[in-house]
Amino acid sequence: MNNAKTRADSGPAVALLQVNPGGFGFAKRLDGGGSIFIPNQDLGLAIDGDEVEVDFWPAPRGDQGRVIAVRTRGRTRLTGILKQAGRHWLLEGDDPRILPIIELADSPGRLEANKVVVAAILQYPEPGLDRLVVRVERILGDPDKLATEQLKILITHGIDPVFSAAVEAEAAEVPRAVREVDLEGRDDLRDLPFMTIDPEDARDFDDAVCVEPLGGDDATSDMRLHIAVADVSHYVREGTEIDREAAIRCFSTYLPNQAIPMLPEALSSHICSLVPREDRLAMVASMRLDPAGEVSDVQLRAAVIHSQRRLTYGQVADELAGDEQQSDEVRRRIFLLRKAADRLRARRLRRGAIELDLPESRVVLDEDDPERIRDIVPSRSSREMIRAYNLIEEFMLAANEAVAREAVTHRLPMVFRIHDTPAADKLEQLARAGEALGIPVDPDKLTKPRGVQKLLGKLKNHPRRQALNMLMLRAMAQAEYSTKNVGHFALASDAYAHFTSPIRRYPDVLVHRVLKAHLSHRGGKAGPAPVPRMPDRRDSQAKAERSSERERAAMQAERDSRSLYAAAFMRDRLGDRFEGTISGITSNGVFVSIDHPAVDGMIKTASLGKSRRDHYELDEAGVRLTGKRSGDTLTLGDRVIVEAIDASLQRRWIELALIDRLRA
């Protein structure tokens, strides 16, 4: 069969360029057609992050191509360290994916060598000039300092820790308590025993929950669930400075040492927050829940509530474990909430919802010195803690689905939270990886949530389950926001929206506004006038796309910050040895997740065979490195002993050396 395809037959394609520090790149097609390999000499004038047009053709290991045009520049600013070369000033960029030389246009008189700076790009590469020209916008400080590197992360991802004077001035005028006029058009639910359950260090409380038994036997009777969510849209009105700023930020960002809120503190931590023993405005989703976990009689409305108790996940976990510290009444309510959550979860799993077992870490800082890192630990360290978190998650999922179903039924221009079916090429790649690890995977069965669920069930006790769960995550599509509802694959849900966190997510505020306009139109409880207008669908879609973009930036900033703190913590542990699991493999190295502290590091491939002059190669499935001379192998999921040999704050990474293998 002749595989040769002409360039005219195959391209051009519009794609997002991702450059490897080694000099080559991959163009990720925006039409979902996969990635195209771009050799160094064919990158043209494009740099990492650009939206490009690519001419491509089949090659032995997949599509290969060349950049023929840059459509949109993806980067407008860079961070790095100032360097002086004779009379010229250069920027040593932090990101190794930016390959061209970076030259400064600033006057040398106001620059200082070896300082970390943020620079705006003035000129991109052009024919005959393979370099970037930049101007310094801000000097951040000395390199290799935690505060400098943290600030660099925020600036790189467009996250501003400070609100403008105009926003703060508006926030100062926000009422400090619920007023009588705010109660118009609301149901009074202050007598219901709502309570909040959040992390110990939470400063804003989006949601409160309550369960009413509808019969004498909690195990066999129906229940009435109430999920109250902060009515942010009552205080954040369209056209205000606060709303404009929230629409720019879109999300709160949570770093190890600070939270950067979407809304000013007067709203996020006070009047919008469902603090205990205070009247608060809320949007409430109420529903009947039967013993089989089926939901009916859904009621959506504006209300006023009065949370009676603030609990932490740790306190709930203690009660579930039998360590009785709360009053009899609070304990009874905790176990009633858990029973309701068990019903919801059982129903969700029956329909095929996917639960990936993925580790999450938490940085423990010194109470007196937030620059001092005491430890990095798993955030859900026990079965009871997992059950405590899941308790609230199930209620939030139920409320989000109830609102989304209402939107679908009435064809509302709502912003949905969508998660598409995994791409066929990624499922094929997963199947190859599974086969290489001795696990049969049928990619056709993974196009349905239940097929993925069954596979994960088979892996539950597999010694490589952690690595396999990570492979599954990489095969999944990325969740995003859109007015075009395609359902949520991982939740096995036909319709899903984000309704439950409007203090920290702007899409939830948009959902509340649509819901209020809908309730007002149908004569329901929508709160006092003026009720938000029903938005134009095109405007909602534009805001959905902006939200997806900013979510990715906030998530990356959070990941970068955790990596930064991990590197800072490990600087004092160089030379120490740790046990861990191989969690990822590339041609450049092996990634290891250390058991404790809960950090990730990398063993460079080049270091593996130095002592024996061996050369390690990656297999086609991408799960195993093999020494050509020795036949020695390192496989995804292997247990190993490693030594920390380097930790870089600027690169936010930890380098490890392989010491030994651990037998399974």
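Visitor: Where does Asp-144 lie?
Guide: This is a predicted model: local features need pLDDT of at least 70, side-chain atom pairs count only at pLDDT 80 or more, and totals for chains, interfaces and linings use all residues. Residues are numbered from 1 along each chain as its sequence is written, and side-chain values use heavy atoms, with hydrogens and water left out. Helices (H or I, at least four residues) and strands (E, at least two) are DSSP runs, numbered from the N terminus. On that basis, Asp-144 sits in the loop between strand 10 (131–141) and helix 2 (146–156).

Visitor: What is the phi of Asp-144, and what is its relative accessible area?
Guide: Asp-144 is not a glycine, yet its phi is positive, at about 65°. The accessibility classes are buried (under 20% relative accessible area), exposed (over 50%) and partly exposed in between, using a 1.4 Å probe and protein chains only. Asp-144 counts as partly exposed because its relative accessible area is 35%.

Visitor: Asp-297 also has a positive phi; is it buried or exposed?
Guide: Its phi is about 50°, and again the residue is not a glycine. Asp-297 belongs to strand 18 (residues 295–306). With a relative accessible area of 52%, Asp-297 is therefore exposed.

Visitor: Which residues does Gly-215 contact, leaving aside neighbours within four places in sequence?
Guide: Gly-215 is in the loop between strand 13 (207–213) and strand 14 (223–230). Its relative accessible area is 32%, so it is partly exposed. Taking contact to mean heavy atoms within 4.5 Å, its partners are Ser-221 and Asp-222.

Visitor: What separates the C-alpha atoms of Gly-215 and Ala-398?
Guide: Along the chain, Gly-215 and Ala-398 are 183 residues apart. In space, the separation of their C-alpha atoms is 21 Å.

Visitor: Arg-333 is buried, but which side chain of opposite charge is nearest?
Guide: Arg-333 is part of helix 8 (residues 328–350). For charge, Lys and Arg count as positive and Asp and Glu as negative, while His and the chain ends are not counted. A salt bridge needs a side-chain nitrogen of Lys or Arg within 4 Å of a carboxyl oxygen of Asp or Glu. Arg-333 has none, and the nearest side chain of opposite charge, 4.6 Å away, is Glu-329.

Visitor: What does Arg-333 touch beyond four places away in sequence?
Guide: Its neighbours in helix 8 that lie up to four places away are set aside here. What remains is a list of four names: Pro-193, Phe-194, Met-195 and Gln-308.

Visitor: Which residue joins Pro-530 through a cis peptide bond?
Guide: Pro-530 is in the loop between helix 13 (506–521) and helix 14 (537–570). Omega is about 0° for the bond, and the partner is Ala-529.

Visitor: And what is omega for the peptide bond from His-596 to Pro-597?
Guide: Pro-597 sits in the loop between strand 25 (589–594) and strand 26 (600–604). The bond is cis, with omega near 0°.

Visitor: Zooming out, what is the radius of gyration of the protein?
Guide: The protein has 15 helices and 31 strands. The globule rule (2.2 Å times the number of residues to the power 0.38, with the radius taken over C-alpha atoms) gives 26 Å for 664 residues. The protein comes close to that, so it is as compact as a globular protein of that length, with a radius of gyration of 27 Å.

Visitor: How much of the protein is buried?
Guide: The C-alpha atoms fill a box of roughly 75 × 60 × 60 Å, taken along the principal axes. Among contacts with a separation of 6 or more, residues 24 or more positions apart account for 66%. Of the 664 residues, the buried share is 49%.
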